[in-house]
Amino acid sequence: MIAPYLIFAIGNESRGDDALGPLLLRELTSWLIASGLSDQFELIEDFQLQIEHTLDMKDRQLVLFIDAGIN
């Protein structure tokens with residue numbers, strides 16, 4: 001069964017502020033497990049969005065993107 005909610009965390013930990021997405025995703029993973037909600041979410045971390053990620057979005061109720069920028 002596909003999880004109804006998908007969260008993308010975009011970023012690169014070796015590039016300072018660009019690490020926000022991956023770091024937040026780890027905290028979110030722990031929280032979802034502790035709260036018993038982890039089966040409702042799929043979490044994906046990547047350096048940047050790719051066209052192939054559209055396939056991950058298929059049949060979801062909600063997709064959330066976490067990214068950061070200096071501006």
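**Exercise 1. Give the order of the elements along the chain.**

Start at the N terminus: the elements run β-α-β-α-β. That makes two helices and three strands. Both are DSSP runs numbered from the N terminus (helices: H or I, at least four residues; strands: E, at least two).

The model is predicted: local features need pLDDT of at least 70, side-chain atom pairs count only at pLDDT 80 or more, and totals for chains, interfaces and linings use all residues. Residues are numbered from 1 along each chain as its sequence is written, and side-chain values use heavy atoms, with hydrogens and water left out.

**Exercise 2. Find the salt bridge and state which parts it ties together.**

Step 1. Apply the criterion: a side-chain nitrogen of Lys or Arg within 4 Å of a carboxyl oxygen of Asp or Glu. The structure holds one such pair.

Step 2. Name the partners. Arg60 and Glu42 meet through their side chains at 2.4 Å, N to O.

Step 3. Place them. Arg60 sits in the loop between helix H2 (53-57) and strand E3 (62-66), and Glu42 in strand E2 (residues 41-46), so the bridge ties together parts 18 residues apart in sequence.

Step 4. Check burial (buried: under 20% relative accessible area; exposed: over 50%; partly exposed: in between; 1.4 Å probe, protein chains only). Arg60 has 14% and is buried. Glu42 has 30% and is partly exposed.

**Exercise 3. Describe the chain as a whole.**

Step 1. Burial: 27% of the 71 residues are buried.

Step 2. Contacts (heavy atoms within 4.5 Å). Of those with a separation of 6 or more, 65% join residues 24 or more positions apart.

Step 3. Extent: the C-alpha atoms fill a box of roughly 35 × 30 × 20 Å along the principal axes.
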